[in-house]
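Opening the notebook on a new model today. I want the overall make-up down before I get into any details.

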Amino acid sequence: MTRLLFAAAAFVSAALSGMGLGGGGLFIIYLTFASDIPQSEAQLYNLIFFIAASSASLPLHIMYRRLNFAVIAALSIGGAVGALIGTSLSLNFSRGLIRYIMGAFFAASGIFSLVRSFRGGR
């Protein structure tokens, strides 16, 4: 039953991610609260999941020429630097503090999205 629930959560997360609704964040929430997986491990699973899901759409984006490789290169460099900084900071924080920061981030992101949707934003 646990594997079935995990598979269902992954499927729902993938569907929401494909629609641009932040399924990855929901997947982390499921993993940490429903499965009692540590925050750092849940983020790892989410990154692996995201790489697999985004790799599936890459051939279509290449075929329809929807990729700007200069922007991809710049964002990749910034992302790698940010990952290194974030990793080094997370090694110095307790798990409880990391969970609190992630929860605050998700709450702020949700509030921002709600406010923007009521104002007629995209």
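My entries below go from the whole chain to the core, then to one helix pair and one residue.

**Entry 1: overall make-up.** I note up front that this is a predicted model. I looked up the secondary structure and found five helices and zero strands. Read from the N terminus, the order is α-α-α-α-α. For dimensions, I get a C-alpha trace spanning about 45 × 35 × 35 Å along its principal axes.

**Entry 2: surface and burial.** I pulled the accessible surface, which comes to about 9400 Å². Carbon and sulfur atoms hold 72% of that area. Of the 122 residues, 16% are buried. I also checked contacts with a separation of 6 or more: 37% of them join residues 24 or more positions apart.

**Entry 3: the core.** Which residues make up the largest nonpolar core? I listed 10 residues: A9, A10, F27, I28, Y30, L31, I37, A42, F49 and M102. Helix 1 (2–18), helix 2 (23–34) and helix 3 each put in at least two of them. Helix 2 has the largest share, with four residues. My note to self is that nonpolar side chains tend to be buried together in soluble globular proteins. I then took A9 as a sample core member and looked up its contacts. Setting aside neighbours within four places in sequence, A9 is in contact with F27 and Y30, and both of these are on the core list too.

**Entry 4: helix 3 against helix 5.** Next I looked at how helix 3 (residues 39–63) packs on helix 5 (residues 95–118). The angle is about 50° and the axes are 9 Å apart. Angles from 65 to 115 degrees would count as roughly perpendicular and those under 35 as roughly parallel, so I log helix 3 and helix 5 as oblique to each other. On the helix 3 side I find Q39, S40 and Q43, and these meet R95, I98, R99 and M102 of helix 5. Sorted by class, this contact has two nonpolar, three polar and two charged residues. M102 sits in this contact and is also listed in the core.

**Entry 5: N46.** Is N46 buried or exposed? Its relative accessibility is 13%, and the cut-off for buried is under 20%, so I count N46 as buried. N46 is placed in helix 3. Leaving out residues up to four places away in sequence, I see N46 touching G24, F27 and I28. Of these partners, F27 and I28 are already down as core residues.

Key:
Residues are numbered from 1 along each chain as its sequence is written. This is a predicted model: local features need pLDDT of at least 70, side-chain atom pairs count only at pLDDT 80 or more; totals for chains, interfaces and linings use all residues. Side-chain values use heavy atoms; hydrogens and water are left out. Axes are lines fitted to C-alpha atoms, for helices over the stretch in contact, and angles run from 0 to 180 degrees between N-to-C directions. Helices (H or I, at least four residues) and strands (E, at least two) are DSSP runs, numbered from the N terminus. Angles under 35 degrees count as roughly parallel, over 145 as roughly antiparallel, 65 to 115 as roughly perpendicular and the rest as oblique. Contact means heavy atoms within 4.5 Å. Ala, Val, Leu, Ile, Met, Phe, Trp, Tyr, Cys and Pro count as nonpolar, Asp, Glu, Lys and Arg as charged, and the others, Gly among them, as polar. Buried means under 20% relative accessible area, exposed over 50%, partly exposed in between (1.4 Å probe, protein chains only). Accessible areas come from the Shrake-Rupley method with a 1.4 Å probe; for residues, only the protein chains shown count as cover. A nonpolar core is a set of buried Ala, Val, Leu, Ile, Met, Phe, Trp, Tyr and Cys residues joined through side-chain atoms within 4.5 Å.
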